[in-house]
Each structure stands twice: as C-alpha cells, then as structure tokens.
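Subject: Structure handover

Hello,

Here is the structure for you to look over. My notes on what was found in it come after the display.

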Amino acid sequence: MAVFTEYRIKESNMTINVTQSSMPPFDEYASLIRPLWETRRIANRGALHEELTERLKEYLNVPEFLLFVNGHLALELGLQALDLCGEVITSPFTFISTTHAIVRNGLTPVFCDIDAKRLTIDPEKIEGLITENTSAIVAVHVYGIPCDVAAIEGVAAKHRLKVIYDAAHSFGSRHLGKNIAEYGDYSIFSFHATKVFHTIEGGGAAFNDVGLTEKLRHLRDFGLCPGGEEADEIGLNAKLSEFHAAMGLCNLNNLTNVIAKRKAVTHIYDGLLDGIPGLRLFPNITGLKRNYAYYPIIIEDIFGLTRNEAAEKLTRAGINARKYFYPLTNAFVCYKQFNFPRNTPIAADIANRVLCLPLYADMTEDDVKKICAVFTGKR
Ligand SMILES: *Cc1c(COP(=O)(O)O)cnc(C)c1O
C-alpha cells in the first residue's frame with residue numbers, strides 16, 4: 001500500500017520529462033497494421049517497409065536510401081560498406097553511438113575539437129589531424145545544427161577523404177537550399193522514439209552511390225547470398241519490421257504538424273530566455289531551416305549558477321533536463337584502455353556547460369513557463 005501511495009504522489013507532482021514521443025492517431029496506425037493479420041508478411045522487406053523507403057527517399061531528395069533497425073547500425077554498417085581503414089577524424093561531442101560505430105569497425109577515432117558557436121566539428125582543425133592513414137571524416141550535426149558542410153567537404157576533397165554525417169538529430173531540417181541528407185557521401189538518421197520523426201526503433205541511411213545499396217542490403221541481412229545457403233560477408237541482422245515501418249508511415253504524414261508544434265514551443269522558450277546574461281541559446285546559422293529537435297542552452301560563468309547547479313534546481317522542480325552531451329565520448333570508461341588524447345578543450349568546456357531543456361510537440365506553454373522560471377528566478 002505504501003508503495004502505491006508513493007507512486008500516486010509522484011504522479012500528481014507531474015514531472016516534466018526531457019522528451020515525449022509523438023504518437024499518430026491510434027486508428028491510423030491500426031488501419032495500416034490490420035492487413036498484416038491476413039498477409040502474415042511482417043518482416044524482411046515487407047510492403048510497408050518498401051513504401052516507407054520510397055517515401056523517405058523522396059522526402060530527403062536523395063538517390064539512395066535504406067532503412068535499418070536503428071540509427072546506430074545504419075552508421076556502423078555504412079562505415080563497413082565504405083571500406084574505410086586506419087584513422088577517422090571525428091568529434092567527441094556527440095552521442096556515444098558515433099564513436100562506438102567507428103571503434104567497432106576496427107577504425108581509430110582521431111578526435112577533433114568543435115567550433116564554439118556551432119558545436120559541430122571545427123573544419124579549421126581537421127587538416128592538422130590528417131595523416132597518411134586518414135580515410136574519412138565522421139561529423140555530427142549536433143542538435144540539428146548543421147556542420148560547416150562547405151568547409152568540411154573542401155578539406156575532404158583536397159585529401160580524398162570520405163565524409164560521413166551522423167545526422168541522427170537532423171531529420172526534417174534543410175540547409176542552404178538542400179535537405180540535410182544531401183550532403184556528404186553518407187548520412188545516417190535515427191528514427192528512435194525520442195527523435196523528431198520515429199519508427200519506435202529504427203534508422204536510415206542516405207547516399208548517392210548506387211553500388212552501396214546492394215552491399216548494405218546484404219550486410220543488413222547477415223551477408224547471406226540468395227537462396228540462403230551461403231554467406232560471403234560477416235553481416236548481421238538490421239532489418240526493420242512492418243510494425244515499425246507502419247509507425248514511420250503514420251508519423252511521416254504528421255511530421256509537418258509535429259515540427260510546427262516544436263517550433264511554437266521553441267519560440268515560447270526563446271521569448272522567456274533570450275537576453276538573460278550568461279545563457280547562450282541555439283546559434284543563428286545562415287541558410288538553416290530548423291527541425292526543432294532540441295533546446296540546448298550553454299550556461300556561461302556570468303549566469304551565476306553552474307550547469308550542474310541549474311540541473312539540480314530543475315530536478316527539484318520536477319523537471320528532467322539532460323546533460324547532453326556529457327561526458328565527451330573519449331572520456332567514457334569503455335575507452336579507458338585506448339588512452340585517447342583529450343586535446344579538445346572547447347568540446348570539454350561545452351560538455352560542462354550544456355543542458356538540453358525539455359522539448360516535445362505536445363508541451364504546454366505552462367510547462368515552458370515553469371521551466372524558464374527556474375532560470376529567471378521569478379517563481
Ligand atoms: C540517437 C542517436 C544515434 C543512434 O541512433 P539509434 O537509432 O538510437 O541507434 C546516433 N547518433 C546520435 C547523435 C544520436 O542522437
């Protein structure tokens with residue numbers, strides 16, 4: 001009984017979570033999955049999977065697109081299919097998936113510092129890290145802020161490096177007149193439940209090279225040859241099911257609405273937080289059409305509270321903000337044995353100052369006000 005009471009009290013206090021998945025109308029989802037009870041074709045490139053693939057290829061305006069069971073495997077298998085070797089220049093200011101995908105491919109991550117304003121890899125610092133063993137740049141469009149794509153691609157062209165973008169945060173955003181998926185040799189998206197567009201779990205890869213398509217389909221399906229009696233690659237299973245594809249089709253229909261709602265929430269935040277000394281908000285990037293995926297703030301010394309103190313204050317008010325990204329990926333204990341250099345001081349500083357405030361489509365104005373009151377002190 002005591003446990004039950006405690007649970008009820010917690011509920012009534014109404015915690016505001018950092019995110020909440022967007023859900024399509026139930027009947028819309030139900031009508032898409034109902035035929036599966038007839039066809040019994042629920043996996044392995046079913047009809048919904050193929051339809052979602054085509055719809056996303058069109059939406060992203062890319063010649064090639066593949067679905068995966070999650071964003072991580074879209075990246076890990078992409079690095080494998082691109083036949084990279086040696087060193088890969090990347091940013092430590094990212095979700096751990098980016099670094100894991102590199103290391104799990106037997107590649108050596110070489111950590112480059114970030115730009116203090118964009119929070120994405122600093123193209124001016126890439127060239128100094130290039131050696132004869134460098135094969136690629138793996139950059140991340142963090143929080144939906146696009147990397148300086150022109151500068152990165154300039155360095156890459158000069159040194160004949162592949163450019164891979166972890167665009168997990170950037171689905172739905174456009175930059176300099178193109179969909180974000182159109183940049184680089186290979187871009188991955190995460191369709192995880194916490195992202196702007198989701199398939200519950202899921203992910204995708206966009207690229208130009210038609211030769212990669214069959215290779216990736218093959219790796220995505222255990223490396224099995226037609227007939228299933230032979231495998232000529234050490235692949236794995238990264239196929240998305242029909243139930244996930246159905247969620248994607250429904251959510252794609254609702255995407256414009258979801259982004260518009262996130263935009264409205266973002267504008268309420270901006271109105272309340274912009275101009276507070278010591279709080280840096282989302283940077284102004286020329287040519288960016290945002291997807292409103294996250295609401296990151298950078299807390300400078302003059303604000304008066306440290307990031308950790310601000311996070312604690314929010315927690316006490318029943319608000320789950322997230323120290324995202326903290327720590328840097330090169331500081332995770334699983335990489336202790338690698339002794340990666342830690343010469344990325346800007347990234348280290350930002351990781352200690354950044355906080356992602358709750359943001360999701362159905363957030364109310366009152367929720368935003370409650371959160372901002374913790375920063376303005378006017379509660
Ligand atoms: C979410 C995310 C991933 C991994 O995507 P999953 O679909 O969860 O596997 C990779 N990189 C970044 C930056 C992410 O935010």
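The notes below deal with the ligand site, then a sheet, then some backbone details.

Please keep in mind that this is a predicted model, and that the values quoted here are computed from it.

Ligand site

The ligand occupies the space of the largest pocket. There are 14 residues around the ligand, and the closest are Gly-71, Asp-166, His-169, Ser-190 and Lys-195. Sorted by class, this shell holds nine polar residues, three nonpolar ones and two charged ones.

Some polar contacts to oxygen atoms of the ligand can be listed with their distances:

- Gly-71 places a backbone N or O atom 2.8 Å from an oxygen atom of the ligand.
- His-169 uses its side chain: a polar atom there lies 2.8 Å from an oxygen atom of the ligand.
- Gly-202 has a polar backbone atom 3.5 Å from an oxygen atom of the ligand.

How much of the ligand's accessible area does the protein cover? On its own the ligand has 380 Å² of accessible area, and the protein covers 92% of that.

Gly-71 also marks the start of helix α5, which spans residues 71-81.

Sheet

One open sheet is made of three strands, in the order β10-β12-β13, with antiparallel pairing. At its edges are β10 (279-280) and β13 (354-357), each of which pairs on one side only. Strand β12 covers residues 295-299 and is joined to β13 by four bridges. Within this pairing, Tyr-295 has Leu-357 of β13 as its bridge partner. In general, the strands of a sheet pair through backbone hydrogen bonds, and the pairing may be parallel or antiparallel.

Backbone details

Which peptide bonds are worth a look in the loop between α11 and α12? The bond that joins Tyr-324 and Phe-325 is cis, with omega about 15°. Phe-325 belongs to the loop between α11 (307-316) and α12 (345-353). The peptide bond from Tyr-326 to Pro-327 is cis as well, and its omega is near -5°. Pro-327 is found in that loop between α11 and α12 too.

Another backbone detail concerns Asp-83, which is not a glycine but has a positive phi of about 55°. Asp-83 sits in the loop that runs between α5 (71-81) and β2 (87-90).

Regards

Conventions:
Residues numbered from 1 in each chain as written. Predicted model: local features only at pLDDT ≥ 70, side-chain atom pairs only at ≥ 80, totals over all residues. Heavy atoms only, no water. Near = heavy atom within 4 Å. Polar contact = N/O pair within 3.5 Å; in protein donor to acceptor, adjacent residues only side chain to side chain. Areas by Shrake-Rupley, 256 points an atom, 1.4 Å probe, with all protein chains shown as cover. 1 Å grid on protein atoms, 1.4 Å probe; cavity = no way out; pocket = protein on both sides within 12 Å on 5 of 7 lines; lining within 4 Å. Sits in = over half its atoms within 2 Å of the grid points. Nonpolar A, V, L, I, M, F, W, Y, C, P; charged D, E, K, R; others polar. Pairing = 2+ DSSP bridges. Helix = DSSP H or I, 4+ residues; strand = E, 2+ residues; numbered from the N terminus.
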